[in-house]
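Hi,

Here is the structure I said I would pass on. Have a look at it first, and then read my notes below.

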Amino acid sequence: MSALLISAINMVKSGYSYGDHLDSAIRNLAPRTISTTQENLVMLQMLQAGRVDYLLIAPEEAEFAISEAGLNRQDFLLHSLQNMPLGEQRFLIFSQQVAPEVIEHINQRLRFYHQRVSAL
């Protein structure tokens with residue numbers, strides 16, 4: 001029986017934490033990795049162009065990012081990692097100079113984004 005050796009190239013965002021669980025797995029498994037400072041939209045374009053084989057992206061961001069990048073959803077295979085711990089909480093911090101209307105507008109956009117992602 002012969003073994004199949006897969007040599008896939010991963011792409012990660014420089015200086016970004018994927019959470020303790022994945023950061024540890026990346027360090028321990030040491031996959032072939034390209035590091036970039038680009039945002040998710042450009043990273044998806046690089047994936048589609050075949051410059052890398054896969055990248056890690058939060059499920060709530062994947063569909064939205066593909067759509068925002070103007071890419072065809074059918075060109076991507078989304079695979080959910082099993083037994084992943086819940087992600088880290090994220091917070092927005094505003095100075096006291098930010099008008100309440102601006103904060104409410106951001107809150108509305110976040111609610112819209114959450115509803116859009118939940119519907120996928």
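How many helices and strands are there in the protein chain? There are 4 helices and 3 strands, and along the sequence they come in the pattern β-α-β-α-β-α-α. Do keep in mind that this is a predicted model.

Some overall numbers before the details. The protein chain has 120 residues, and 22% of them count as buried. Its exposed area is about 9,600 Å², with carbon and sulfur atoms supplying 54% of that. Looking at contacts with a separation of 6 or more, 55% are between residues 24 or more positions apart.

**Helix α2**

I'd start with α2, which covers residues 40-48. Its buried residues are Asn40, Met43, Leu44, Met46 and Leu47. Viewed down the axis of α2, these fall within an arc of 160°, so they line one face of the helix. What do they pack against? The partners are β1 (9-13), β2 (32-36), β3 (54-55) and α3, so strands and a helix both feature in that list. After α2 comes Gly50, which has a positive phi, near 85°.

**Lys13 and its surroundings**

Lys13 sits in strand β1. Is this lysine buried or exposed? Lys13 is buried, because its relative accessible area is 14% and the cut-off for buried is under 20%. Leaving out residues up to four places away in sequence, Lys13 touches Tyr18, Ser35, Thr36, Gln38, Glu39, Asn40 and Met43. Two of these names, Asn40 and Met43, also appear among the buried residues of α2.

Glu39 is the salt-bridge partner of Lys13, with the closest N and O atoms 3.4 Å apart. The pair links distant parts of the chain: Lys13 is in β1 while Glu39 is in the loop between β2 and α2, 26 residues apart. The two ends also differ in cover: Lys13 counts as buried at 14% relative accessibility, whereas Glu39 is exposed at 51%.

**The other salt bridges**

The whole structure holds 3 salt bridges. Besides the one at Lys13, there is a bridge between the side chains of Glu63 and Arg73, at 3.0 Å from N to O. Glu63 belongs to helix α3 and Arg73 to the loop between α3 and α4, so this pair ties together parts that are 10 residues apart in sequence. Both ends are partly exposed: Glu63 has a relative accessible area of 24%, and Arg73 has 29%.

Glu104 and Arg111 make up another bridge, with the closest N and O atoms 2.7 Å apart. Here Glu104 counts as partly exposed at 34% relative accessibility, and Arg111 is partly exposed as well, with 43%.

**Tyrosines**

The search for aromatic pairs gave 1. Which residues form it, and how are the rings arranged? They are Tyr16 and Tyr18, placed edge-to-face, with 4.8 Å centre to centre and 75° between the planes. Tyr16 is partly exposed, with a relative accessible area of 34%, but Tyr18 is buried, at 18%. Tyr18 is also one of the residues that Lys13 touches, which puts the aromatic pair and the buried lysine in the same part of your picture.

**Ala30**

One backbone detail to check on your screen is Ala30. Its phi is near 45°, a positive value in a residue other than glycine. Most residues other than glycine have a negative phi. Ala30 is found in the loop between α1 (20-29) and β2, and this alanine is exposed, with a relative accessible area of 56%.

**A nonpolar patch on the surface**

Last item: Leu92, Phe94 and Leu110 form a nonpolar patch on the surface. Together they have about 280 Å² of accessible area. Leu92 lies in the loop between α3 (59-68) and α4 (100-118), and Leu92 is exposed, with a relative accessible area of 55%.

Cheers

Technical notes:
Residues are numbered from 1 along each chain as its sequence is written. This is a predicted model: local features need pLDDT of at least 70, side-chain atom pairs count only at pLDDT 80 or more; totals for chains, interfaces and linings use all residues. Side-chain values use heavy atoms; hydrogens and water are left out. Patches are made of residues with over 30% relative accessible area and no salt bridge: like charges are joined within 9 Å, nonpolar side chains (Val, Leu, Ile, Met, Phe, Trp, Tyr) within 5 Å. Accessible areas come from the Shrake-Rupley method with a 1.4 Å probe; for residues, only the protein chains shown count as cover. A salt bridge is a side-chain nitrogen of Lys or Arg within 4 Å of a carboxyl oxygen of Asp or Glu. Helices (H or I, at least four residues) and strands (E, at least two) are DSSP runs, numbered from the N terminus. Buried means under 20% relative accessible area, exposed over 50%, partly exposed in between (1.4 Å probe, protein chains only). The arc is that of the directions from the helix axis to the C-beta atoms. Contact means heavy atoms within 4.5 Å. Rings of Phe, Tyr and Trp (its six-membered ring) pair if their centres lie within 6.5 Å; planes under 30 degrees apart count as stacked, over 60 as edge-to-face and the rest as tilted.
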